[in-house]
Amino acid sequence: MPNKDSKLELNPAGKAYLRKMGNPFIFWWGMLFKLPSAVFWKLKVKTLTLEKCEVTIPYFWRTQNPFKSIYFAALAGAGELSTGLLCQLALAGKGKFSMLVVDFKAEYTKKADQKITFTCEQGLELNQLIEQLEVGETDQLCMVTKGRNEDGDLVAQFFITWSFKRKS
């Protein structure tokens, strides 16, 4: 999964995190204990690099609402995971941090009636923010993730603001 053209280098903890998230069995067990809805909805990590993350959500009975489309909360979960995995990768091996979603905005533009792939491409910007934080400092980043169907049409777009604080 690592991108050979990356401008940043992964530290050993980042490499270990990438291996874990790239292993479907370990990902499944991790999600079962930390985020069970991701297991229920069958979310999958398609791509995870320092630059971007892609998470897919299938269209099937567990994600479906009564209107024959993917339930908005399931879409939001997949979208948040595409940003959260980038955050976890950026923080791996860089000391103690707290992170929290402090704002969430959504735009739904098309019916989600097939597999949707959420893509967030702000990994480099995120890593830059994390690197510049000093102990005790807090900063925020609004991360945009776009959900597209198999035809490439934009279905939903989420604006998820993460807050980070470096701890001692």
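These exercises, each with a worked solution, explore a predicted model of one protein chain.

**Exercise 1. Describe the fold in outline**

Task: State how many helices and strands the protein chain has, and in which order the elements run.

Solution:
- Step 1. Count the elements. The protein chain has five helices and six strands.
- Step 2. Read from the N terminus. The order is α-α-α-β-β-α-β-β-α-β-β.
- Step 3. Check the compactness. The radius of gyration of the protein chain is 16 Å, and the globule rule gives 15 Å for 168 residues. These values are close, so the chain is as compact as a globular protein of that length.
- Step 4. Add the outer dimensions. Along the principal axes, the C-alpha atoms fill a box of roughly 50 × 30 × 30 Å.

**Exercise 2. Look at burial, contacts and surface**

Task: Find what percentage of the residues in the protein chain is buried. Then describe the contacts, the surface and the charges.

Solution:
- Step 1. Take burial. Of the 168 residues, 45% are buried.
- Step 2. Take contacts with a separation of 6 or more. Residues 24 or more positions apart account for 70% of them.
- Step 3. Take the surface. The accessible surface of the protein chain comes to about 9300 Å². Carbon and sulfur atoms hold 55% of that area.
- Step 4. Take the charges. There are 23 positive and 17 negative charges, and their mean positions lie 8 Å apart.

**Exercise 3. Find the two sides of helix H5**

Task: Which residues of helix H5 (residues 123-132) are buried, and how are they arranged around the axis?

Solution:
- Step 1. List the buried residues. In H5 they are Gly-123, Leu-126, Asn-127, Leu-129 and Ile-130.
- Step 2. Look down the axis of H5. The buried residues fall within an arc of 160°, so they line one face of the helix.
- Step 3. Recall the helix geometry. An α-helix has 3.6 residues a turn, so residues three or four places apart point the same way.
- Step 4. Turn to the face away from the buried side. Gln-128 and Glu-131 are exposed there.
- Step 5. Ask what covers the buried residues of H5. The cover includes helix H4 (72-91) and the strands E3 (97-108), E5 (138-149) and E6 (154-166).

**Exercise 4. Examine two lysines with positive phi**

Task: Where are Lys-42 and Lys-68 found, and are they buried or exposed?

Solution:
- Step 1. Recall the background. Most residues other than glycine have a negative phi.
- Step 2. Read the angles. Lys-42 has a positive phi of about 60°. Phi of Lys-68 is near 60°.
- Step 3. Locate the residues. Lys-42 is in the loop between helix H3 (36-40) and strand E1 (44-48). Lys-68 is in the loop between strand E2 (53-57) and H4.
- Step 4. Compare each with the cut-offs. Lys-42 has a relative accessible area of 40%, so it is partly exposed. Lys-68 has 54%, so it counts as exposed.

**Exercise 5. Follow the contacts of two buried residues**

Task: Place Gly-79 and Asn-65, then list what they touch beyond four places away in sequence.

Solution:
- Step 1. Start with Gly-79, which sits in helix H4. Its relative accessibility is 0%, so Gly-79 counts as buried.
- Step 2. List its contacts. Gly-79 touches Phe-118, Thr-145, Phe-158 and Ile-160.
- Step 3. Move to Asn-65, in the loop between E2 and H4. At 14% relative accessibility, Asn-65 counts as buried, because the cut-off is under 20%.
- Step 4. List its contacts. Asn-65 touches Ile-70 and Tyr-71.

Notes
Residues numbered from 1 in each chain as written. Predicted model: local features only at pLDDT ≥ 70, side-chain atom pairs only at ≥ 80, totals over all residues. Heavy atoms only, no water. Helix = DSSP H or I, 4+ residues; strand = E, 2+ residues; numbered from the N terminus. Rg over C-alpha atoms; globule rule 2.2 N^0.38 Å. Buried < 20%, exposed > 50% of the residue type's maximum accessible area, 1.4 Å probe, protein only. Contact = heavy atoms within 4.5 Å. Areas by Shrake-Rupley, 256 points an atom, 1.4 Å probe, with all protein chains shown as cover. Lys, Arg positive; Asp, Glu negative; His and termini not counted. Charge placed at Lys NZ, Arg CZ, Asp CG, Glu CD. Arc of directions from axis to C-beta.
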